[in-house]
Amino acid sequence: MSKVITIAQQKGGSGKTTIATNLATVFSLKNNFSTTLLDTDPQGSLGKWFITRKEKLEDKNTLQFKTASLWGAQYEAKTLKEKCDIVIIDTPPKIEADGRPAIEIADLVLIPISPSQVDFWATESIIELAKREKKEILILINRANAKSKLIKEAVKFVKDMEVKKAKTILGNRQIFVSSMGLGLTVVEKQRTGKGCLEMLSLAKEIKSLLQI
Ligand SMILES: Nc1ncnc2c1ncn2[C@@H]1O[C@H](COP(=O)(O)OP(=O)(O)OP(=O)(O)O)[C@@H](O)[C@H]1O
Ligand SMILES: [Mg+2]
């Protein structure tokens with residue numbers, strides 16, 4: 001049942017790395033899936049998070065971590081698929097055609113967008129790339145302020161692009177920022193908080209989509 005989820009978005013800072021760590025942790029801790037994070041971003045922030053995590057949790061850490069270049073992502077993910085249940089590929093911003101190997105290998109392309117016009121514009125090219133590869137696409141609205149009118153505009157944008165949108169919307173929550181700095185994730189810091197419930201709900205949606 002091995003599945004590869006590639007998190008991609010042209011726009012920097014849309015939440016790719018945050019969502020990668022949080023999703024991986026839910027799959028590992030709540031579903032007992034053997035889960036590997038594959039970092040293809042030379043910025044290395046996922047790796048820094050992982051090192052912090054290893055130092056903090058020592059042998060209680062259940063996640064695995066690997067790095068690859070964008071072009072090497074496909075080969076690495078294929079190898080990892082043989083050994084684990086879930087591979088989550090975190091990609092750098094501004095990927096164009098060089099992102100194709102990471103998209104090609106994906107069972108799901110997860111695209112986070114902040115509800116802002118700039119993000120909508122930036123997202124079109126990655127949607128087109130994933131569509132050309134005939135991939136399952138899921139748009140995830142991230143950093144949403146419940147009262148913002150822009151959420152409606154984001155929903156309209158997704159509808160116009162004729163792609164699926166996750167029912168779960170991740171709020172703009174400090175806990176996503178603070179937990180990350182500790183090498184942890186929201187579900188490890190909260191049991192019933194809103195951020196935690198959002199992540200559990202997102203993982204459930206993705207499992208249902210991937211039939212796992
Ligand atoms: N739901 C959220 N609520 C609050 N802050 C968030 C949320 N998601 C992400 N952030 C914060 O936004 C910033 C950018 O997030 P992140 O690094 O995950 O984005 P990214 O898409 O991986 O960026 P890059 O394109 O540079 O790789 C970080 O400071 C992160 O803590
Ligand atoms: Mg990142």
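Which residue has a backbone N or O atom 2.9 Å from a nitrogen atom of ligand 1? In this predicted model, that residue is R173. The oxygen side of ligand 1 has its own backbone partners: a polar backbone atom of G13 sits 3.0 Å from an oxygen atom of the ligand, and S14 likewise places a backbone N or O atom 3.0 Å from a ligand oxygen. Taken on its own, ligand 1 has 630 Å² of accessible area, and the protein covers 83% of that. As for where all this happens, the space that ligand 1 takes up is the largest pocket.

Next comes the shell of residues around the ligand. There are 17 residues around ligand 1, and the ones that come nearest are K16, T18, N142, R143 and G171. Sorted by class, the shell is made up of 10 polar residues, four charged ones and three nonpolar ones. Two helices, α1 (residues 16–31) and α7 (residues 174–181), each put at least two residues into this shell. Of the elements that contribute, α1 gives the most, with three residues.

Two of those nearest residues, N142 and R143, deserve a closer look. N142 is placed in the loop that runs between β6 and α6, and R143 is found in the loop between β6 (137–141) and α6 (150–160) as well. How much cover does each one get from the protein? N142 has a relative accessibility of 6%, so it counts as buried, the cut-off being under 20%. R143 comes out at 43%. That value falls between the 20% and 50% limits, so R143 is classed as partly exposed. N142 also lies 6.2 Å from G171, C-alpha to C-alpha, although 29 residues separate the two in sequence. G171 is itself among the residues that come nearest to ligand 1.

The backbone of R143 has something else to show. Most residues other than glycine have a negative phi. R143 goes the other way, with a positive phi of about 60° even though it is not a glycine. Q211 is another case: its phi is near 55°, again a positive value in a residue other than glycine. Q211 belongs to the segment after α9 (194–210). With a relative accessible area of 72%, Q211 is over the 50% mark and is therefore exposed.

Just before Q211 in the numbering comes L210, which is placed in helix α9. Is L210 buried or exposed? Its relative accessibility is 8%, which means that it counts as buried. L210 was also compared with G72: the two are 138 residues apart in sequence, and their C-alpha atoms are 24 Å apart in space.

Other parts of the chain offer further buried residues. One of them is T185, which sits in the loop between α7 and α8 (186–189). Its relative accessible area is 0%, so T185 is buried. The side chain of T185 is not without a partner, as it makes a polar contact of 2.6 Å with the side chain of E188.

L63 is another loop residue, found between α2 (45–57) and β3 (64–67). Here the relative accessibility is 4%, and L63 therefore counts as buried. As for its place relative to L38, the two residues are 25 positions apart along the chain, while their C-alpha atoms are separated by 11 Å.

Methods:
Residues numbered from 1 in each chain as written. Chains lettered and ligands numbered in written order. Predicted model: local features only at pLDDT ≥ 70, side-chain atom pairs only at ≥ 80, totals over all residues. Heavy atoms only, no water. Near = heavy atom within 4 Å. Polar contact = N/O pair within 3.5 Å; in protein donor to acceptor, adjacent residues only side chain to side chain. Areas by Shrake-Rupley, 256 points an atom, 1.4 Å probe, with all protein chains shown as cover. 1 Å grid on protein atoms, 1.4 Å probe; cavity = no way out; pocket = protein on both sides within 12 Å on 5 of 7 lines; lining within 4 Å. Sits in = over half its atoms within 2 Å of the grid points. Helix = DSSP H or I, 4+ residues; strand = E, 2+ residues; numbered from the N terminus. Nonpolar A, V, L, I, M, F, W, Y, C, P; charged D, E, K, R; others polar. Buried < 20%, exposed > 50% of the residue type's maximum accessible area, 1.4 Å probe, protein only.
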